[in-house]
Amino acid sequence: MSSYKIGIIVSSSRPTRIGPNVAQWVSELAPYGCEVEIIDLAAVNLPFLAEPEQPATGNYTLPSTVAWSEQIRAYDALIIAVPEYNAGYPAVLKNAIDSLHAEWADLPIGVVGYGWGAAAGAARQLGEVLDRVKAVRLDGPGLSFGQDLTPEGEILDAAPVDGVRGLYDQIVAAVREKAAA
Ligand SMILES: Cc1cc2nc3c(=O)[nH]c(=O)nc-3n(C[C@H](O)[C@H](O)[C@H](O)COP(=O)(O)O)c2cc1C
């Protein structure tokens, strides 16, 4: 059986964030044949759009951009664990997406939101951006505070395990389809 390399992005960078808990929970649900790694945007620590040329040129001069590009290119697919901030998603995630361009095209990317109301606003806005950069967007479940997790980041029994497993199924199918194309 083929092994697929999937990066799970922690897209929040606050000192007291719970993003790592959500990403860890998602990673533990990976099926056999999926090799998962956590990508922490706080550790990636990109500057805000500091390249002289636009990312669409692919002319990267900063070591941080080159390293980010190489890191993303190493994955067959991604899952983004995204919180809702003021009905949207974190600026650090937008910067991480905007810092690259061609790397996102045709890359299967699943979204798992967390917030009040399952982070529906964040997932919707992020979905529009992923469409724009021509990723293969795969909608995963959202986790709601009070039902699926606590505001302190404890994952509860009602958390959508089947939804995340279904997202992995979609990802594997998308990666296979891409390989066959
Ligand atoms: C600046 C900010 C804005 C927020 N706005 C929303 C919101 O619009 N909707 C929501 O459901 N939760 C909102 N929250 C609550 C976050 O979803 C919650 O704090 C979550 O834990 C943030 O993810 P993090 O801990 O990984 O940073 C907001 C939190 C912050 C820090």
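A residue counts as buried when its relative accessible area is under 20%, and as exposed when that value is over 50%. The model treated here is predicted.

**Exercise 1**

Classify S27 as buried or exposed, and describe its surroundings.

*Solution*

Step 1. Locate the residue: S27 belongs to helix 1, which spans residues 19-28.

Step 2. Apply the cut-off. The relative accessible area of S27 is 12%, and the limit for buried is under 20%. S27 is therefore buried.

Step 3. Look for a polar partner of the side chain. A polar atom in the side chain of S27 is 2.7 Å from the backbone oxygen of Q24.

Step 4. List the contacts, leaving aside neighbours within four places in sequence. S27 then touches I8, V36, I38 and Y168.

**Exercise 2**

State where the ligand sits, and which residues are closest.

*Solution*

Step 1. Identify the site: the second largest pocket holds the ligand.

Step 2. Count the surrounding residues. There are 14, and the closest are S12, R14, Y85, Y114 and W116.

**Exercise 3**

Find polar atoms of S12, G19 and Y114 that face oxygen atoms of the ligand, then state how much of the ligand the protein covers.

*Solution*

Step 1. Take the side chains. For S12, a polar side-chain atom is 2.6 Å from a ligand oxygen. For Y114, a side-chain N or O atom lies 2.6 Å from an oxygen atom of the ligand.

Step 2. Take the backbone. A backbone N or O atom of G19 is 3.0 Å from a ligand oxygen.

Step 3. Turn to the area. On its own the ligand has 610 Å² of accessible area, of which the protein covers 74%.

Definitions and conventions: Residues numbered from 1 in each chain as written. Predicted model: local features only at pLDDT ≥ 70, side-chain atom pairs only at ≥ 80, totals over all residues. Heavy atoms only, no water. Helix = DSSP H or I, 4+ residues; strand = E, 2+ residues; numbered from the N terminus. Buried < 20%, exposed > 50% of the residue type's maximum accessible area, 1.4 Å probe, protein only. Polar contact = N/O pair within 3.5 Å; in protein donor to acceptor, adjacent residues only side chain to side chain. Contact = heavy atoms within 4.5 Å. Near = heavy atom within 4 Å. Areas by Shrake-Rupley, 256 points an atom, 1.4 Å probe, with all protein chains shown as cover. 1 Å grid on protein atoms, 1.4 Å probe; cavity = no way out; pocket = protein on both sides within 12 Å on 5 of 7 lines; lining within 4 Å. Sits in = over half its atoms within 2 Å of the grid points.
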